[in-house]
Amino acid sequence: MHGHTGTYDEVREQPVVRITRIYVRRDSPLIAQALVAGYSEHKLLMGIEKEAKIWQFVSNVVPEVRAVRLTDGGCGWLHAVIAIKKQSDGDPKNAIMAAFAAHPSLKHVVVVDDDVNIDEPSEVEWAIATRFRADEDLVIIKYARGSTLDPVAIDPAQGITTKVGIDATRPIHSNVSRFRKGIIPASVDLSKIKLK
C-alpha cells in the first residue's frame, strides 16, 4: 500500500536499511517510533516542507498569503488550498500557477479569500459553491507532469496528468455583502420588534 494515497502501488525499488546491531542504554528506557505508511504522521512529515515552499512561491506573485494547506482528503500531497487577501482579480490565477511550480506533484489547487477557514472542508466547498464560475475561474493544464503516486495518471511511470486550479474568490469590485455568510441570531428580543 502506498503511504500517501492509501491505494495499492507498484512494487518500487527503494533503499534498503539493514540493521546489524542495536545499542540500548541500561539506565534509560527504550523509546521507539514507527512512521507507518498511510498514516497522518507520514503525510505530515512529507507535506510540511511543501506547504512552506508553496507559501514562499505564492508570496512571490501575490502580495498577501494568509494560509496554505495540503488537505487530508488530497492525501496530504495532491490537493492544496490557499487563502489570500486578493488585491487584483489576477491574483488567484498567479497563486495557482505558483503553487504548481512549487510542488509539481500537486493535482488540484483551490484559492479562497482570507475570510474562509481552509481547515474546514465545508467552508472551502462553500467558497467554491458561492464564488466560483467555471467559465472564468477554472484553470486546466493538460498533460502536465504530476505525481507518480496518482492512480489515475495518464502515464503513471512519469506521472503525466491533468491539473486543475479553482479560483473560489469573490470578484474584486463586487458588493462584499453579497458574498458573506448570513448570520442567524441565537436569540431575538421580541420586545424590540414592533408589530403593526
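In this predicted model, the side chains of serine 105 and tryptophan 77 are joined by a polar contact of 3.4 Å. Serine 105 belongs to the loop that runs between helix H2 (91-102) and strand S3 (108-113). With a relative accessibility of 15%, serine 105 counts as buried, because the cut-off for that class is under 20% relative accessible area. Once the neighbours within four places in sequence are set aside, the contacts of serine 105 are Trp77, Leu78, Gly146, Ser147 and Lys163. Tryptophan 77 thus appears here again, as the partner in the polar contact described above. Aspartate 150 can be placed relative to this loop as well: its C-alpha atom is separated from that of serine 105 by 8.7 Å, with the two positions 45 residues apart along the chain.

Aspartate 150 leads on to the salt bridges, of which the structure holds 13. Aspartate 150 pairs with lysine 107, and the closest N and O atoms of this salt bridge are 3.1 Å apart. Lysine 107 sits in the loop between H2 and S3, while aspartate 150 sits in the loop between strand S4 (138-145) and strand S5 (160-168), so the pair ties together parts of the chain that are 43 residues apart in sequence. Both members of the pair, aspartate 150 and lysine 107, are buried.

A further salt bridge is formed by the side chains of arginine 66 and aspartate 114, at 3.0 Å from N to O. This pair also links distant parts of the chain, 48 residues apart: arginine 66 is in strand S1 (residues 65-70), and aspartate 114 is in the loop between S3 and H3. Arginine 66 has a relative accessible area of 40% and is partly exposed. Aspartate 114, at 30% relative accessibility, likewise counts as partly exposed. Another of the salt bridges brings together the side chains of arginine 133 and aspartate 135, at 2.8 Å from N to O. Here arginine 133 counts as partly exposed, at 45% relative accessibility, whereas aspartate 135 is exposed, with a relative accessible area of 61%.

Salt bridges also occur as a network, in which Asp113, Asp115, Arg131 and Arg170 are linked. Within this group, arginine 131 can be followed in some detail. Its place is in helix H3 (residues 121-131), and with a relative accessible area of 4% arginine 131 is buried. Two polar contacts of its side chain involve aspartates of the network: one of 2.8 Å to the side chain of aspartate 113, and one of 2.9 Å to the side chain of aspartate 115. Neighbours within four places in sequence left aside, arginine 131 is in contact with Asp113, Asp115, Val116, Trp126, Asp137, Asp167, Ala168, Thr169, Arg170 and Phe179. That list includes Asp113, Asp115 and Arg170, the residues with which Arg131 is linked in the network.

The surface offers a nonpolar feature to set beside these charged groups. Val17, Ile19, Ile22 and Val24 make a nonpolar surface patch of about 460 Å². One of these residues, isoleucine 19, is found in the segment before helix H1 (40-59). Isoleucine 19 has a relative accessible area of 65% and is therefore classed as exposed, since that class covers values over 50%.

Key. Residues are numbered from 1 along each chain as its sequence is written. This is a predicted model: local features need pLDDT of at least 70, side-chain atom pairs count only at pLDDT 80 or more; totals for chains, interfaces and linings use all residues. Side-chain values use heavy atoms; hydrogens and water are left out. Patches are made of residues with over 30% relative accessible area and no salt bridge: like charges are joined within 9 Å, nonpolar side chains (Val, Leu, Ile, Met, Phe, Trp, Tyr) within 5 Å. Accessible areas come from the Shrake-Rupley method with a 1.4 Å probe; for residues, only the protein chains shown count as cover. A salt bridge is a side-chain nitrogen of Lys or Arg within 4 Å of a carboxyl oxygen of Asp or Glu. Helices (H or I, at least four residues) and strands (E, at least two) are DSSP runs, numbered from the N terminus. Buried means under 20% relative accessible area, exposed over 50%, partly exposed in between (1.4 Å probe, protein chains only). A polar contact is a pair of N or O atoms within 3.5 Å; within protein, one must be able to donate a hydrogen and the other to accept it, and residues adjacent in sequence count only if both atoms are side-chain atoms. Contact means heavy atoms within 4.5 Å.
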